[in-house]
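Visitor: I am new to reading protein models, and I would like to go through this one slowly, with a reason given for each answer.
Guide: Then let us look at it together and take one question at a time.

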Amino acid sequence: MKTVAIISRKGGAGKTTLTVHLAVAACIDGKETAIIDLDPQASAAGWGDSRKQEIPAVVSAQAARLPKVLEAAVNNGADLAIIDTAPHSETAALAAIRAADLILIPCRPAILDLRAIGDTIDLVNLASKTATVVLNAVPPRGSLADEAVEAIRLKASALRAIAPLGVSIAPIRIGQRAAFVHSLTAGQTAQEYEPLGKAAEEIQQVYKWMCDALG
Ligand SMILES: Nc1ncnc2c1ncn2[C@@H]1O[C@H](COP(=O)(O)OP(=O)(O)OP(=O)(O)O)[C@@H](O)[C@H]1O
Ligand SMILES: [Mg+2]
């Protein structure tokens, strides 16, 4: 089983959105997939409850139980576990980081998110791991995303002296799209809500990239 952790110390960056969309993409791809929700607010678990489909399995858990929950997922035949985390729990984020084969950091191309990303990278460094930033909610027009990439690169290279592994930036950006919001309200994801839409297409590309990154 491969394990992906979705982390960001900034609230509202898109952790839960990315978690459930990648999990559904994996289900569509025929993978046995489990979402592990470490956020006490249980947004991903609530979304799971509101779904008509049984898959993906969504388990709400505490950080201290993560190794056991992952073990249970393996025993239940899961191919992939995606861990959603809370913005303000360092313990949970670290547990997810330590357990993960791949760490994704959703980040909006906005000044407050970019200022906060150093805190998230610090956590990744603490565990001597590397992570990939996924730009999320990129506006359809303007140069915000390119400026964000530049800002993240600068921050990453400034941190490189103390963190040689560093962070990379995913080649695919996720746009600011209504389908990401409306689909979750309906207990779905963009792939189910608007299968031919741009949001579904972007998630499919991020999913493919993620599979390659996982090897
Ligand atoms: N690409 C996007 N386009 C449009 N809206 C988005 C996008 N990504 C996320 N959102 C919206 O932004 C809000 C925050 O997203 P989400 O809940 O996924 O963030 P989060 O990082 O999990 O937040 P928290 O830190 O509170 O757990 C939600 O209302 C969600 O629908
Ligand atoms: Mg969330």
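**A guided reading**

Visitor: Does Leu144 count as buried, partly exposed or exposed?
Guide: This is a predicted model, and in it Leu144 has 16 C-beta neighbours inside 10 Å. A residue is buried with 20 or more such neighbours and exposed with 12 or fewer, so Leu144, with its 16, counts as partly exposed.

Visitor: In which helix is Leu144 placed, and which residues is Leu144 in contact with, leaving aside its neighbours within four places in sequence?
Guide: The place of Leu144 is in helix 6, which covers residues 144-159. Once neighbours within four places in sequence are left aside, the contacts of Leu144 are Pro109, Val138 and Pro139.

Visitor: What separation do the C-alpha atoms of Leu144 and Ile7 have?
Guide: Along the chain these two residues are 137 residues apart. In space, the distance between the C-alpha atoms of Leu144 and Ile7 is 22 Å.

Visitor: In what order do the seven strands of the open sheet stand?
Guide: In general, the strands of a sheet pair through backbone hydrogen bonds, and this can happen in a parallel or an antiparallel way. In this model the pairing is parallel, and the seven strands of the open sheet follow the order 3-2-4-1-5-6-7.

Visitor: Which strands stand at the edges of the sheet?
Guide: A strand at the edge has a single partner strand, so one side of it is left without a neighbour in the sheet. The strands placed in this way are strand 3 and strand 7.

Visitor: Which strands pair with strand 4?
Guide: Strand 1, residues 2-6, runs parallel to strand 4 and is joined to it by five bridges, with Ala81 of strand 4 as the bridge partner of Thr3. Strand 2, residues 33-37, also pairs with strand 4 in the parallel sense over five bridges; here Ala34 stands opposite Ala81, and Ile36 stands opposite Ile83. The partners of strand 4 are therefore strand 1 and strand 2.

Visitor: How many residues of strand 4 are buried?
Guide: Leu80, Ile82 and Asp84 point one way from the strand while Ala81 and Ile83 point the other way, and all of them are buried. Strand 4 is thus mostly covered, and the number of its five residues that are buried is five.

Visitor: How many residues of strand 5 are buried?
Guide: Strand 5 pairs in the parallel sense with strand 1 over three bridges, where Leu102 is the bridge partner of Val4, and four bridges join it to strand 6, where Cys107 stands opposite Leu135. The strand is largely enclosed by the rest of the structure, because the buried ones among its six residues number five.

Visitor: Which residues have the most contacts inside the largest nonpolar core?
Guide: This core has 65 residues, and its largest share, seven residues, comes from helix 1. Ala5 touches Ile83 and Ala96, among others, not counting residues up to four places away in sequence. The residues with the most contacts inside the core are Ala5, Ile83 and Ala96.

Visitor: Which residues are the closest to ligand 1?
Guide: Ligand 1 is surrounded by 19 residues, and the elements that give two or more residues to this shell are helix 1 and helix 7. By kind, the shell divides into seven nonpolar, nine polar and three charged residues. The closest are Gly11, Lys15, Thr16, Thr17 and Pro87.

Visitor: Is Ala137 buried or exposed?
Guide: Ala137 has a positive phi of about 60 degrees although it is not a glycine, and its place is in the loop between strand 6 and helix 6. Within 10 Å it has 23 other C-beta atoms, and since the cut-off is 20 or more, Ala137 is buried.

Visitor: Is Ser128 buried or exposed?
Guide: Ser128 also has a positive phi, of about 50 degrees, without being a glycine, and it is placed in the loop between helix 5 and strand 6. It has 11 C-beta neighbours inside 10 Å, so Ser128 counts as exposed.

Visitor: Is the peptide bond from Ile55 to Pro56 cis or trans?
Guide: Pro56 is found in the loop between helix 2 and strand 3. The omega of the bond that leads to it from Ile55 is near -5 degrees, and the bond is cis.

Note on methods: Residues are numbered from 1 along each chain as its sequence is written. Chains are lettered from A and ligands numbered from 1 in the order in which they are written. This is a predicted model: local features need pLDDT of at least 70, side-chain atom pairs count only at pLDDT 80 or more; totals for chains, interfaces and linings use all residues. A nonpolar core is a set of buried Ala, Val, Leu, Ile, Met, Phe, Trp, Tyr and Cys residues joined through C-beta atoms within 7 Å. Two residues are in contact if their C-beta atoms, placed from the backbone, lie within 7 Å. A residue is near a molecule or strand if its C-beta atom, placed from the backbone, lies within 6 Å of it. Ala, Val, Leu, Ile, Met, Phe, Trp, Tyr, Cys and Pro count as nonpolar, Asp, Glu, Lys and Arg as charged, and the others, Gly among them, as polar. Two strands pair if DSSP finds at least two bridges between them.
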